[in-house]
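This note sets out points for a colleague to consider while viewing the structure. Please read it alongside the sequence and the model.

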Amino acid sequence: AVFTYNDDPSLVGPGLIILITTVPSGTIGDRVRISLPNKNEHLVLIEVQVFSYENPSLVPSTMRTQLPSVIPSNRPSVKQSVVPSTVPSSLPTETQLPSIIPSNRPLYNVALNKSTSQSSTADDRFISSKANDGDVRPESVVGIGNGISLTNKEINPWWEVTLGTSVVIESITIYNRDLVHNGCTANYGGNCSRHLKGFRLEIFNGEDANAVFTYNDASLDDPGLIILITTVPSGTIGDRVRISLPNKNEHLVLIEVQVFSYENPSLVPSTMRTQLPSVIPSNRPSVVSLTVSSYPSLF
């Protein structure tokens, strides 16, 4: 083989979306093989995508789909990274390949433990800093109502993190709720993750009131458990990130928000240095069904 990637056996699970970004620049190949060496096991795959800047005239026209220009240039690629529609609804139905490909430079979570605020706080347990404390464990693991930020039910609720300095932002990941119970079924018609349907993410820089980048969720009913926002234009500079539910009278609930940058880590405290794992989203559990009667309908 001209290149071999071995999954790290120390990890609990390789994850739902596995990004292999360590292929050396210039690697040429015409076959890709995935195997489970030294195992007596089934091999099950949902989708395998191989990306290249190769001239699209070399492949059938049915395969010609440009990779979004923000990843990481405007050179065409053979196939767009789209999670198949057969993926469970608990995942985003369309996930673009993050801009960390093909670079093997480390990304740093520059939002970790930075100053946060939100439009209101429903309870002292649900302070805004819960959404950038580095704990991405879902409620199915830590318990319902634990590890989340939560506003009151209000018009246009919002949550914001101030990065402390302007940095070039590459991508943003939002960890959403993973529960299903009677309150969410009554309010959202299904998974608690549906409460983020129609959210807006904005990047600001300095005192300018106008966002330098805006992302509007276009999901039909469920944005998913782990939302990867990779359409940030190359070179976008910002020092604040805001998430809101515009034109809605609703609670805003978040598990974790991560803002990734290649920015020189010497510009931020060492405690903020968090490499984006090569496996996204790791071993997070699937949606858990619960019946809860002791919590208000906001859950």
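The numbered points below go from the overall make-up to the sheet, then to a surface patch and two backbone features.

1. Nature of the model and overall make-up. The model is predicted, and the remarks here should be read accordingly. The protein contains 17 strands and 2 helices. Of its 299 residues, 41% are buried. The exposed area is about 15800 Å², of which carbon and sulfur atoms supply 49%.

2. Contacts along the chain. Consider the contacts in the protein with a separation of 6 or more: 75% of them are accounted for by residues 24 or more positions apart.

3. The open sheet. An open sheet is formed by 5 strands, in the order β3-β6-β12-β9-β10, with antiparallel pairing. Its edge strands are β3, residues 115-118, and β10, residues 213-216, each of which pairs on one side only. From one strand to the next, the twist averages 20°. By way of background, the strands of a sheet pair through backbone hydrogen bonds, in either a parallel or an antiparallel arrangement.

4. The β3 edge. Strand β3 pairs with β6, which spans residues 158-168, in the antiparallel sense over 4 bridges. Within this pairing, Thr116 is placed opposite Val161 of β6. Which side chains of β3 are buried, and which are not? Thr116 and Gln118 point to one face and are buried, whereas Ser115 and Ser117 point to the other face and are not buried. In a regular strand, side chains alternate between the two faces of the sheet. Thr116 can thus be described both by its partner Val161 in β6 and by its buried side chain.

5. The β10 edge. At the other edge strand, β10 pairs with β9, residues 200-204, in the antiparallel sense over 4 bridges. Here Ile203 stands opposite Phe213, a residue of β10.

6. A nonpolar surface patch. Val32, Ile34, Leu36, Leu43, Leu45, Val48 and Val50 form a nonpolar patch on the surface, and together they have about 590 Å² of accessible area. Two of its members, Leu45 and Val48, can be examined in more detail. Leu45 is located in the loop between β1 and β2, and it counts as partly exposed because its relative accessibility is 47%. Val48 also lies in the loop between β1, residues 17-18, and β2, residues 108-109. Val48 is classed as partly exposed because its relative accessibility is 42%, a value between the limits of 20% and 50%. The C-alpha atom of Val48 is separated by 9.6 Å from that of Ile18, with the two residues 30 positions apart along the chain.

7. Positive phi at Asn156. Most residues other than glycine have a negative phi. What is the phi of Asn156? The value is near 55°, which is positive in a residue other than glycine. Asn156 lies in the loop between β5, residues 154-155, and β6. With 34% relative accessibility, Asn156 counts as partly exposed.

8. Positive phi at Asn247. Asn247 is not a glycine, yet has a positive phi of about 60°. This residue occurs in the loop between β12, residues 237-244, and β13, residues 249-250. Is Asn247 buried or exposed? Asn247 is exposed, because its relative accessible area is 73% and the cut-off for exposed is over 50%.

Key: Residues numbered from 1 in each chain as written. Predicted model: local features only at pLDDT ≥ 70, side-chain atom pairs only at ≥ 80, totals over all residues. Heavy atoms only, no water. Pairing = 2+ DSSP bridges. Axes fitted to C-alpha atoms, helices over the stretch in contact; angles between N-to-C directions. Buried < 20%, exposed > 50% of the residue type's maximum accessible area, 1.4 Å probe, protein only. Patch = residues over 30% accessible without salt bridge, like charges linked within 9 Å, V, L, I, M, F, W, Y side chains within 5 Å. Areas by Shrake-Rupley, 256 points an atom, 1.4 Å probe, with all protein chains shown as cover. Salt bridge = Lys/Arg side-chain N within 4 Å of Asp/Glu carboxyl O. Contact = heavy atoms within 4.5 Å.
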